[in-house]
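Q: Could you take a close look at one part of this protein for me, the sheet, and then show me what else sits in the same chain? I'm new to this, so please keep it friendly.

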Amino acid sequence: MKLKLFLTIMTAVLVSACQQKPQEHQQDFVRVENGHFVKNGQPYYYVGTNFWYGAILGSEGQGGDRERLGKELDLMKEMGIDNLRILVGSDGERGVKTKVEPTLQEAPGVYNDTILAGLDYLLQELGKRDMVAVLYLNNSWEWSGGYGFYLEHAGAGKQPRPDDVGYPAFMEAMSQYATNEKAHQLFYDYVRFILSRTNRYTGLAYKDDPAIMSWQIGNEPRAFSKEALPAFEKWLAEASALIRELDPNHLISVGSEGAWGCEGDFYAWERICSDPNIDYCNIHLWPYNWGWAKADSLIENLPRAEANTKEYIDRHLTICDKIKKPLVMEEFGYPRDGFKFTLDTPTKGRDGFYDYVFSLVGDNAEQGGYFAGCNFWGWGGLAKPAHEQWQPGDDYTNDPAQEAQGLNSVFAGDASTLAVIKHQVERMNKLTK
């Protein structure tokens, strides 16, 4: 009788422990409380980076390099960079110039398991180092498939690429995506597949993994026309609701550039961010791309770039204060001096711009400031670019295949830029204590 009672008690204890396991992990998730990030019970302000190729490095197939991945993560962790924005995987056929490869989703529902293993491995390694990932699921731009991939498989015909037809024609074609319900459904199938996965190395369901900070709908999702904005907003609301249904544990973000990605409409951005399923707000900022700094005068144009940057951030922070959600500037970059790409080129202009942006993060934190984090674009680390135009077999930098290799990446040898980043990390650490 005593043995039977003992076994009954032990069974109940084991069942209870199994049921509570996700809750134990849940305590470690990054949260938003009262409009601010919280991690491990402490305020969370951070300096992060973009590391879109992390899942590819984590694979054992084409492009995989787990030894390099470990070194990169250790180097970033040592510097205090603990927040990495990462592409889940690219879409479409291989062998397309200016597009990321190897691809994860070769056709709707057809997946490259080596990239899935790479993502599993990456999340395991992040968890070991108490680092977190922001994982984006789609892309409005051509370099990883995204919109164009889904449109083609929804029956909209072959979609143009900017390197063939130019960006105006490309963007006009991509404006179809906002209203193409079949393309949306194909994307939702992909979301269901990814979010329902269990990590083969850790045994954790993705929804229970604290190494994921946020699911992000896409990289710079855009309507691409004012007329498409209502349908665009509807799609984002549907996507965020689906993600919340599949995974109630993690934060959800859009991946937006801000008003720049909403056809200049700040009210549209406010409506998107006000959705109850969106936990925090994003903006991106590109002084060179947006005409605030010129290739031949990057250093001379710094004052104008900084002034415009401050105005852009402040207009979005006013909205964040209104809707009580934190803001992350998760992409920003500045070319190397002289608009040159070789690793021995100085980075005085970039260092100055980074230092200015960093100084704004956490500003007025004691008074409830909402500017909580930034992810610079991006981490090139130990890469040694072999060609200005990326080719299969070259090291991955954070400059995608359609951009010059070395344009915006920060490499392990960029001592002055790393010093600026390290200084900001130390300042952020003081805000969390």
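A: Let's start with a bit of vocabulary: two strands count as paired if DSSP finds at least two bridges between them. Keep in mind that this is a predicted model.

Now take strand S4 (residues 46-50) and strand S5 (residues 83-87). They run parallel, and two bridges join them. Want a spot to zoom in on? Asparagine 50 has arginine 85 in S5 as its bridge partner.

Zoom out from there, and S4 and S5 turn out to belong to an open sheet of eight strands. Reading across, the order goes S10-S9-S8-S5-S4-S13-S12-S11, and the pairing is parallel. The edges are taken by strand S10 (251-253) and strand S11 (281-285). Each of these two has a single partner strand, so one side of each has no neighbour in the sheet. The sheet isn't flat like a tabletop, either: from one strand to the next, the twist averages 25°.

Next, the helices. Helix H3 (residues 66-79) and helix H4 (residues 113-128) have axes that come within 11 Å and cross at roughly 30°. Angles under 35 degrees count as roughly parallel, so that is the label for H3 and H4. Their crossing is right-handed. And who touches whom? On the H3 side you'll find Arg66, Leu69 and Leu73, which meet Ala117, Tyr121, Leu122, Glu125 and Leu126 in H4. Sorted by class, this contact has six nonpolar residues, two charged ones and no polar ones.

Compare that with another pair, helix H5 (residues 147-156) and helix H8 (residues 181-195). Here the axes come within 8 Å and cross at roughly 120°, which makes H5 oblique to H8. This crossing is right-handed too. From H5, the residues Tyr150, Leu151, His153 and Ala154 meet Lys182, Ala183, Leu186, Phe187 and Tyr190 in H8. The class tally for H5 with H8 is seven nonpolar, one polar and one charged.

Finally, step right back to the whole chain. Its secondary structure comes to 13 helices and 15 strands. Along the principal axes, the C-alpha atoms fill a box of roughly 85 × 55 × 45 Å. The chain's radius of gyration is 22 Å, and a compact globule with 433 residues would have one near 22 Å, so the two agree.

Conventions:
Residues numbered from 1 in each chain as written. Predicted model: local features only at pLDDT ≥ 70, side-chain atom pairs only at ≥ 80, totals over all residues. Heavy atoms only, no water. Axes fitted to C-alpha atoms, helices over the stretch in contact; angles between N-to-C directions. Helix = DSSP H or I, 4+ residues; strand = E, 2+ residues; numbered from the N terminus. Parallel < 35°, antiparallel > 145°, perpendicular 65-115°, else oblique. Left-handed = near helix turned anticlockwise from the far one by under 90°. Contact = heavy atoms within 4.5 Å. Nonpolar A, V, L, I, M, F, W, Y, C, P; charged D, E, K, R; others polar. Rg over C-alpha atoms; globule rule 2.2 N^0.38 Å.
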